[in-house]
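Q: I'm new to protein structures and would love a close look at one part of this one. Could you pick a helix and walk me through how it packs against its surroundings?

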Amino acid sequence: MVLIFSLTGCTSKEAKKVIEDIDALGEITLDSYSLLQEVNNEYDSLSEKDRESVKNKDVLEAANERYDILTYEDLDRRIESTCVDVTSEALPEFKALLAEYENLDESGKEYITNIEMLL
């Protein structure tokens, strides 16, 4: 019984806060960027030992992945909607969208189905 108590008491208060913050993430939306950055920064600032005690890190990884997918899908929608209304005023937006696409890694580019509309 003493051993169980001592093992459960090993998690630092910083690691406990990260665990609680991960549990509190909720539904990930495009508005979740700041919250995810905050929790990721908290996790990254932990010592290696404390990181090992964060047993819900997979939830944080899934939240980051979900956010990335949402941003890729959003970019794809914005490309499509911009290309529907082609005017000379849209040229700066075309260039901005193309630059945003070019900054994606290869896995992100796979989600963009409308890039040919910009080219």
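A: Here is a walk along one helix and then around its neighbours. Please keep in mind that this is a predicted model.

Let's take helix 5, which covers residues 57-84. A good first check is its length. At 1.5 Å a residue, its 28 residues should span 40 Å, and the C-alpha atoms at its ends are 41 Å apart, which agrees.

Next, which residues of helix 5 are buried? They are Leu60, Ala63, Tyr67, Ile69, Leu70, Tyr72, Leu75, Asp76, Ile79, Thr82 and Cys83. As you read that list, it helps to remember a general point: an α-helix has 3.6 residues a turn, so residues three or four places apart point the same way. The buried residues of helix 5 pack against helix 2 (13-23), helix 3 (33-44), helix 6 and helix 7 (106-109). We can visit some of these partners in turn.

To describe two packed helices, one gives the angle between their axes and the distance between the axes. Start with helix 3. Helix 3 and helix 5 pack at an angle of about 145 degrees, and their axes are 11 Å apart. Their crossing is left-handed. On the helix 3 side, the contact is made by Tyr33, Leu36, Val39, Asn40 and Tyr43, while helix 5 brings Lys57, Leu60, Ala63, Asn64 and Tyr67. Sorted by class, this contact of helix 3 with helix 5 has 7 nonpolar, 2 polar and 1 charged residues.

Zoom in on one member of that contact, Leu36, which is found in helix 3. Its relative accessible area is 3%, so Leu36 counts as buried. What does Leu36 touch, leaving aside its neighbours within four places in sequence? The answer is Leu25, Ile28, Leu60, Ala63, Asn64 and Tyr67.

Now move along to helix 6 (residues 91-102), whose axis comes within 11 Å of the axis of helix 5, with a crossing of roughly 155 degrees. The two helices are therefore roughly antiparallel to each other. Helix 5 passes helix 6 in a left-handed crossing. Helix 5 makes this contact with Leu75, Arg78, Ile79, Thr82 and Cys83, and helix 6 meets them with Glu93, Phe94, Leu97, Glu100 and Tyr101. By class, the residues in the contact of helix 5 with helix 6 are 6 nonpolar, 1 polar and 3 charged.

Another residue to look for here is Leu118, in the segment after helix 7. With a relative accessible area of 14%, Leu118 is buried. Not counting residues up to four places away in sequence, Leu118 touches Ile79, Cys83, Phe94, Leu97 and Leu98. Ile79 and Cys83 are among the helix 5 residues in the contact with helix 6, and Phe94 and Leu97 are among those of helix 6. Leu118 and Glu80 are 38 residues apart along the chain, yet their C-alpha atoms are separated by 8.8 Å. For Leu118 and Leu36, which are 82 residues apart in sequence, the C-alpha to C-alpha separation is 30 Å.

Let's go back to helix 3 and see what else it packs against. The axes of helix 2 and helix 3 come within 10 Å and cross at roughly 155 degrees. Helix 2 and helix 3 are therefore roughly antiparallel to each other, and their crossing is left-handed. The contact involves Lys17, Val18, Asp21 and Ile22 from helix 2, together with Val39, Glu42 and Tyr43 from helix 3. These residues divide into 4 nonpolar, no polar and 3 charged. Val39 and Tyr43 also appear in the contact of helix 3 with helix 5.

Is Glu42, a residue of helix 3, buried or exposed? Glu42 is buried, with a relative accessible area of 16%. Leaving aside neighbours within four places in sequence, Glu42 is in contact with Lys17, Val18 and Asp21.

Finally, look just before helix 5, where Lys55 sits in the loop between helix 4 (48-52) and helix 5. Lys55 is exposed, with a relative accessible area of 70%. Its C-alpha atom is separated by 7.6 Å from that of Ile19, although the two residues are 36 residues apart along the chain.

Technical notes. Residues numbered from 1 in each chain as written. Predicted model: local features only at pLDDT ≥ 70, side-chain atom pairs only at ≥ 80, totals over all residues. Heavy atoms only, no water. Axes fitted to C-alpha atoms, helices over the stretch in contact; angles between N-to-C directions. Helix = DSSP H or I, 4+ residues; strand = E, 2+ residues; numbered from the N terminus. Parallel < 35°, antiparallel > 145°, perpendicular 65-115°, else oblique. Left-handed = near helix turned anticlockwise from the far one by under 90°. Contact = heavy atoms within 4.5 Å. Nonpolar A, V, L, I, M, F, W, Y, C, P; charged D, E, K, R; others polar. Expected span 1.5 Å × (residues − 1). Buried < 20%, exposed > 50% of the residue type's maximum accessible area, 1.4 Å probe, protein only.
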